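Colleague: I would like a close look at a single part of this model, with the cut-offs spelled out.

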2 protein chains.
Amino acid sequence: MTERKREILASSQSVLKEKGYAATSVRDIAKALEMEPASLYSHFKNKEDILKITCFDMADKFELAVREVNDIYFNAEEKLRLAIKLHVEILTQNLDSAIIFIRDWRNLTGTALEQFLTKRNAYEKGFREIVQTGIDEGVFNETDKKFAALTILSSVNWIVEWYKVDGKLNAEQIADKLSNFILSGLKKEMI
Amino acid sequence: MTERKREILASSQSVLKEKGYAATSVRDIAKALEMEPASLYSHFKNKEDILKITCFDMADKFELAVREVNDIYFNAEEKLRLAIKLHVEILTQNLDSAIIFIRDWRNLTGTALEQFLTKRNAYEKGFREIVQTGIDEGVFNETDKKFAALTILSSVNWIVEWYKVDGKLNAEQIADKLSNFILSGLKKEMI
DNA sequence: CTTGCAAACTAACGTTCGTTAGGCAAATAT
DNA sequence: ATATTTGCCTAACGAACGTTAGTTTGCAAG
């Protein structure tokens, strides 16, 4: 990926995050770059290509992060805290892409959609494994793993709806708050 | 609203929820109804009208529910459990509309968008008040109310992503699970 | 100086989009 | 029985869509 392509991608993502993939035209994207719509096709195969690259880049980042966490030998609480921290960091450091990843993946078609779902599923499985670890260790309440993992991910992903880069909370603080919120619900009370 | 209009609206929502508002054409909607695109305009002002009605109907339902909860004198835990239960019921009983409400409201324009956001804000405020009640009563941990309310709502809204009408969990069971998950995180430990 | 290449351009293609105008038939109201 | 309304139709509009073909520009390597 050339420097210029990365530049164009970043601008495209900034435009796409505003109105969503389907409601944004190639002409909108070109306009923000002060170039002709046709010029974009020197860099990208087509419009969906931009979406594909964005979604898969994000999916790769998340997949890598959760695999890393599961490879390291921590206890479950540490694992979950780390997973949430890495997730929040990826979200906040790539906010435009993250918004597109979360909202617009449905516009992928054909095999791209299938592959995306496979990747996303692997990621969710990673979270479920963390929850399972906690149950095995006896520190998390027995619970529907899938339900718990999805609930956790939904809370975490939702931050893109309100996170502002210059807000008063940084990624680590958000991750801490969220982890506390989630964990004290999941953790078995040790009386 | 005539019977026929309601019928067309329901079918439209069923189509819209699949690919999203922006990616769905008026022709797609008409096709599902086995009628001509132009005929839709006997019932709706334009395409956005369908989105508007859908989003505002849902917003009204939610707003009514949370106001009801806040009017009734319950303790905070009961209030939150009831609010979540009502919310889940509204979601699951209007799944098509709910999906559109959650995913596609951004496609509203002008004053409709403003009014929608005002309504949604009132709803979130209702949730925040419940959290506040709990803090006042000393049964919820002191916490950023806005943060807590948004996190709760995100978990609850996310169920539209995996809820299946014929699944093994009904609305009440989902609400119970979610409430337990959320509440034991929010509740102060009484040792 | 020439060649090669990357990145942009102009022009336009065929398609699909949301929407309107006007008419026709059946149901309903007077 | 007649008038009105409702619900749909056919036809078509202009605009916007994603994309392609072919060309020009500017820079870097030979």
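How many residues does helix H6 of chain A have, and what does it reach from its first C-alpha to its last?

Modeller: This is a predicted model, in which local features need pLDDT of at least 70, side-chain atom pairs count only at pLDDT 80 or more, and totals for chains, interfaces and linings use all residues. Residues are numbered from 1 along each chain as its sequence is written, chains are lettered from A and ligands numbered from 1 in the order in which they are written, and side-chain values use heavy atoms, with hydrogens and water left out.

Helix H6 of chain A covers residues 110-137; helices here are DSSP runs (H or I, at least four residues), numbered from the N terminus. H6(A) has 28 residues and reaches 41 Å from its first C-alpha to its last. That is close to the 40 Å expected at 1.5 Å a residue, where the expected span is 1.5 Å times one less than the number of residues.

Among the buried residues of H6(A) are A:Phe116, A:Tyr123, A:Glu124, A:Phe127, A:Ile130 and A:Ile135; glycines also appear there, namely A:Gly126 and A:Gly134. Buried means under 20% relative accessible area (1.4 Å probe, protein chains only). The buried residues of H6(A) pack against four helices of chain A: H3 (47-71), H4 (76-93), H5 (95-104) and H7 (145-157). Contact means heavy atoms within 4.5 Å.

Just after H6(A), A:Gly138 takes a positive phi of about 80°.

Outside this helix, A:Ser179 lies in helix H8 (residues 171-186) of chain A. A:Ser179 counts as buried because its relative accessibility is 1%. Leaving out residues up to four places away in sequence, A:Ser179 touches A:Arg81, A:Ile84 and A:Ser184.

Methods: Helix = DSSP H or I, 4+ residues; strand = E, 2+ residues; numbered from the N terminus. Buried < 20%, exposed > 50% of the residue type's maximum accessible area, 1.4 Å probe, protein only.
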